[in-house]
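Biologist: Got a minute to go through this model with me? I'd like to talk helix packing and cores.

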Amino acid sequence: NNGGKDNKKVDKCPPFGDDDTPLDQVHSFYEFWVHFESWRDFSLKAEKSTDHDLEAADSRDEKRWMKQEIDRKVKKMKKEEMARVNLLVERAMAADPRLSREKKREKLEKERQAEAKRKAEEEKAEAERVAKEKQDAENAKKKTEEDAKKKNAKQLKEQQKKQLRKAKQQFRKLTMAAYQAASPNDSSDSDGVWDDMEKMNDDVELLCEKLSALELDSLSEALGGPNGLAEV
């Protein structure tokens with residue numbers, strides 16, 4: 001029993017409420033008592049428990065010493081009083097079904113948030129995995145296409161080289177055949193284009209170096225093409 005004179009702080013204490021009291025009011029009630037400071041005056045009780053009678057002191061020093069002893073006792077009693085109040089508050093809070101329900105709701109909410117976070121992380125990881133697989137597939141496809149283009153380009157280049165070699169060979173043979181047909185006896189008074197075979201070879205090699213396979217084929221056709229060789 002805290003008894004004693006009225007205290008304005010107690011008058012301001014929020015009501016305990018009932019099972020339907022809003023939680024903010026319930027917290028206000030306990031918040032008041034958690035920070036509650038006792039208004040009780042333990043001076044008389046402390047004086048009696050120490051057997052010190054200030055009025056019976058023989059000297060001023062003795063009275064001051066008695067006062068110090070009483071003050072220490074008052075602080076100890078007040079501390080014990082507050083510990084008792086705090087213990088009552090803790091027990092009340094632990095037994096209050098309204099707070100128990102709130103703790104349960106908070107626990108469930110934390111679990112829900114944790115589950116939502118876990119699920120979000122799983123979905124993110126799955127999305128990243130799918131995106132990576134898609135990117136890897138696109139990269140593989142691109143590489144395959146690039147490799148195919150390189151292979152085709154290489155094959156085309158080899159084919160063009162082969163065609164050019166064939167065109168050069170045919171052109172050389174046709175020009176040689178034409179040269180020999182124009183000067184069968186290697187006569188010096190021949191009306192041929194070239195004075196000798198060395199000049200002809202120089203011109204033929206220059207044309208083979210400068211012209212494409214298509215251009216060489218055109219010249220070969222002008223010289224009679226494969227049929228021209230057959231007639232020689």
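Biologist: Is the crossing of α2 and α4 left-handed or right-handed?

Modeller: Quick caveats: this is a predicted model, where local features need pLDDT of at least 70, side-chain atom pairs count only at pLDDT 80 or more, and totals for chains, interfaces and linings use all residues. Residues are numbered from 1 along each chain as its sequence is written, and side-chain values use heavy atoms, with hydrogens and water left out. Helices here are DSSP runs of H or I, at least four residues, numbered from the N terminus. With left-handed meaning that the near helix is turned anticlockwise from the far one by less than a right angle, the crossing of α2 and α4 is left-handed.

Biologist: How are α2 and α4 oriented to each other?

Modeller: The axes (lines fitted to C-alpha atoms over the stretch in contact, with angles from 0 to 180 degrees between N-to-C directions) of α2, residues 23-34, and α4, residues 60-95, come within 9 Å and cross at roughly 160°. Angles over 145 degrees count as roughly antiparallel. That makes α2, relative to α4, roughly antiparallel.

Biologist: Which element gives the most to the largest nonpolar core?

Modeller: Such a core is a set of buried (under 20% relative accessible area, 1.4 Å probe, protein chains only) Ala, Val, Leu, Ile, Met, Phe, Trp, Tyr and Cys residues joined through side-chain atoms within 4.5 Å. The largest has 10 residues, including C13, F29, M82 and L99. α2 and α4 each give two or more residues to this core. With 4 residues, the top contributor is α2.

Technical notes:
Parallel < 35°, antiparallel > 145°, perpendicular 65-115°, else oblique. Buried < 20%, exposed > 50% of the residue type's maximum accessible area, 1.4 Å probe, protein only.
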